Number of protein chains: 2
Amino acid sequence: MGITKTEIFTPEQNRLATLLKALAHPARIAILQHIIRQEACICNDLVEELGLAQATISQHLKELKAIGIIKGTLDGTSICYCVNSLVWNNIRKELAGFFIEWSGTEQCC
Amino acid sequence: MGITKTEIFTPEQNRLATLLKALAHPARIAILQHIIRQEACICNDLVEELGLAQATISQHLKELKAIGIIKGTLDGTSICYCVNSLVWNNIRKELAGFFIEWSGTEQCC
DNA sequence: AGTTTCTATCGCAATATTATGATTGATTGT
DNA sequence: ACAATCAATCATAATATTGCGATAGAAACT
């Protein structure tokens with residue numbers, strides 16, 4: 001039916017899925033990489049850099065802002081986006097924590 | 001239009017997005033955690049453990065198998081699923097590599 | 001062979017995501 | 001005040017994802 005049954009999962013599982021989903025698009029990966037490389041950038045740069053419409057970029061930025069991994073401040077008429085270091089590191093830890101759950105030894109098969 | 005423009009992104013960006021998308025669902029997180037905790041499991045266990053239909057579990061397992069992070073071997077009538085350690089570690093490194101791209105110092109704002 | 005058990009796949013319905021043009025709102029510059 | 005510029009939002013269309021019942025296929029047991 002297209003609707004994820006969030007109520008049957010733990011808050012941790014839903015949280016991890018939300019974080020991963022927010023990052024799970026090549027445009028959003030590209031946006032983050034560009035922000036990192038340019039050390040902050042404005043939306044209009046991204047429209048030229050990636051080959052997507054302004055409305056589309058704005059929507060992707062909104063999803064990244066939703067998990068807090070980037071923040072934007074007014075810079076004249078444009079908006080300067082940059083990584084929120086606190087959130088970035090927290091997300092890194094959360095994802096790393098999940099991957100550490102398994103030690104790495106073969107189990108069966 | 002609902003179709004991701006993969007052709008305008010780099011293979012690395014598309015690859016990362018594919019990996020993240022495969023993991024970006026609470027059911028698939030739960031499946032992985034269960035497989036890790038039980039040290040392998042069979043599909044029917046998951047149907048009872050999570051509250052999802054057998055067809056739905058099977059579909060999620062298919063997506064996890066698609067990126068190779070789990071593998072299944074016949075065990076009588078049932079199928080034993082377990083983590084593919086090689087792929088697991090590679091994916092961990094790929095994701096960690098992305099997060100290392102940024103050192104963690106504040107940039108603007 | 002027939003039955004049971006388990007998983008994969010098909011077909012469908014409902015919801016979500018992706019992408020864009022058009023519009024709106026806010027700020028800068030004239 | 002007025003035009004220009006930039007980003008957010010709206011409305012819409014196309015495609016993807018999620019979920020499940022029903023069916024099919026494969027292996028074990030009688």
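1. A good place to start is chain B, where B:Cys41 has B:Tyr81 as its bridge partner in β3(B). Please keep in mind that this is a predicted model. The pair belongs to the antiparallel match of strand β1 (residues 41-42) with strand β3 (residues 78-83) of chain B, which are joined by 2 bridges.

2. B:Tyr81 is worth another look, since B:Gly72 also stands opposite this residue in β3(B). Here the neighbouring strand is β2 (residues 70-75) of chain B, which pairs with β3(B) over 6 bridges in the antiparallel sense. The two strands make a hairpin with 2 residues between them; in its turn, B:Gly76 has a positive phi of about 75°.

3. Turning to chain A, you will find an open sheet of 3 strands, ordered β1-β3-β2 and paired antiparallel. β1 (41-42) and β2 (70-75) stand at the edges with a single partner strand each, so one side of each lacks a neighbour in the sheet. Between β1(A) and β3 (residues 78-83) of chain A there are 2 bridges, and A:Cys41 is found opposite A:Tyr81. Helix α2(A) packs on this sheet, touching β1, β2 and β3 of chain A, and its direction makes about 90° with that of β3(A).

4. Which helix do we see crossing α2 (residues 26-38) of chain A at roughly 75°? That is α4 (residues 54-66) of chain A, and the two axes come within 10 Å. The helices are therefore roughly perpendicular to each other. A:Ala27, A:Arg28 and A:Ile31 of α2(A) meet A:His60, A:Leu61, A:Glu63 and A:Leu64 of α4(A). By type, the contact residues comprise 4 nonpolar, 1 polar and 2 charged.

Notes. Residues are numbered from 1 along each chain as its sequence is written. Chains are lettered from A and ligands numbered from 1 in the order in which they are written. This is a predicted model: local features need pLDDT of at least 70, side-chain atom pairs count only at pLDDT 80 or more; totals for chains, interfaces and linings use all residues. Axes are lines fitted to C-alpha atoms, for helices over the stretch in contact, and angles run from 0 to 180 degrees between N-to-C directions. Helices (H or I, at least four residues) and strands (E, at least two) are DSSP runs, numbered from the N terminus. Angles under 35 degrees count as roughly parallel, over 145 as roughly antiparallel, 65 to 115 as roughly perpendicular and the rest as oblique. Two residues are in contact if their C-beta atoms, placed from the backbone, lie within 7 Å. Ala, Val, Leu, Ile, Met, Phe, Trp, Tyr, Cys and Pro count as nonpolar, Asp, Glu, Lys and Arg as charged, and the others, Gly among them, as polar. Two strands pair if DSSP finds at least two bridges between them.
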